[in-house]
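User: I would like a close look at one part of this structure, namely the charged side chains that pair with one another. Please treat the matter formally and step by step.

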Amino acid sequence: MNEHNLIERYVHEVGAHLPRRSRTDVQLELRSLLLDELAARGLEADNPADTGRVAELLKEYGHPEELAARYHTEQFLISPPAFPAFRLSYGIAAVVVTLVYLVGLGLRLNQGGLGLTELAGFLGSYVETMLLNFGLVAFVFYLLEGLGWIKPAKTGADWDPHKLPAVKDPDRINRTELLVGIFFMIAALLVFNFVPHWIGIVGWHDDGFGVMPMLSASFLAYVPWLSALWAGELGLKALLYRAGRWTRRLRALELALSLAGLFVLYTIVQNAVIVEIGIVDAIVKFALWIVLGIGVLEAALQLYRLLTGKANNPLGVPSTTENQ
């Protein structure tokens, strides 16, 4: 695709902020309107000499996120830009909760079954947990929007069409994935700092169906370290969301956080008992050693990207944001 074709970049960017079911139709209509406008003005989308006047036309249509928002006139608790991430986050949380409850139910059935009273209690606990998770996810996203983290990155009449990301841009971010990551980061901060007893073995215990805490005191002593790391990751994701794409500074911050995370994780695995149950602790530590190995490889890749800049700009095209 011609890099000078601002029309395609604009149409693609508008579509990125639309629901999938209506995206194609809107993009076809928008592309047709823009090409008709170009023809009426004697311009060509692929002609570099016309780029300036094409940009003026796009500014008349408005910022891509503003234009996409015009297709959503209703009022929402979760705004359209955040809804895909909200739906994905709750979907992941619902699947995890369901699996945990199914494992607990299977263990109970293996131990001799359960009566109607216990089954009713199980179903009631499951529904209660699902509703609690829904409320938690909605609260976090409402909080993110209240803090202004979820909103069009740059709107208004002063936006520059020349800064539209290319259709295939390795530095382009996926805002939905980023918001999902922000949600789980906030959820981890809340759970580990305020309700760490929620993390445990789900099943029937002496006082009925519930969670038996399993994290050891020596591991919980490292929660402030982990919280500092997660807060840093949260800041990085917020900056990345606002920037809209990776820059060299953000990649440097990502590398620094990765190295700090590897150090903290290595320290925990070496010095702490993570889970009170010995065999489970050994399995968890084995898994964490694998995570450490993968983390080292990822850090090496991040360093390579930072030093070579190839991931930032594989075509060698000068970027206005590369040195930010």
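With which residue does R31 form a salt bridge, and how far apart are the closest N and O atoms?

Analyst: In this predicted model, the partner of R31 is E8, and their closest N and O atoms lie 2.8 Å apart. The two residues belong to distant parts of the chain, being 23 residues apart: R31 sits in helix α2 (residues 20–40), whereas E8 sits in helix α1 (residues 6–16). R31 has a relative accessible area of 23% and is therefore classed as partly exposed.

This pair is one of four salt bridges that the structure holds. Two others share the residue R41. In one of them, the side chain of E37 meets that of R41, with 3.7 Å from N to O. In the other, R41 is joined to E60, and here the closest N and O atoms are 2.9 Å apart. The bridge between E60 and R41 also links distant parts of the chain, since E60 lies in helix α3 (residues 51–61) and R41 in the loop between α2 and α3, 19 residues apart. Taken together, E37, R41 and E60 form a network of salt bridges.

The members of this network may also be described by their accessibility. E37 is partly exposed, with a relative accessible area of 29%, and R41 is likewise partly exposed, at 31%. E60 has a relative accessibility of 53% and so counts as exposed, because the term applies to values over 50%.

Terms used. Residues numbered from 1 in each chain as written. Predicted model: local features only at pLDDT ≥ 70, side-chain atom pairs only at ≥ 80, totals over all residues. Heavy atoms only, no water. Helix = DSSP H or I, 4+ residues; strand = E, 2+ residues; numbered from the N terminus. Buried < 20%, exposed > 50% of the residue type's maximum accessible area, 1.4 Å probe, protein only.
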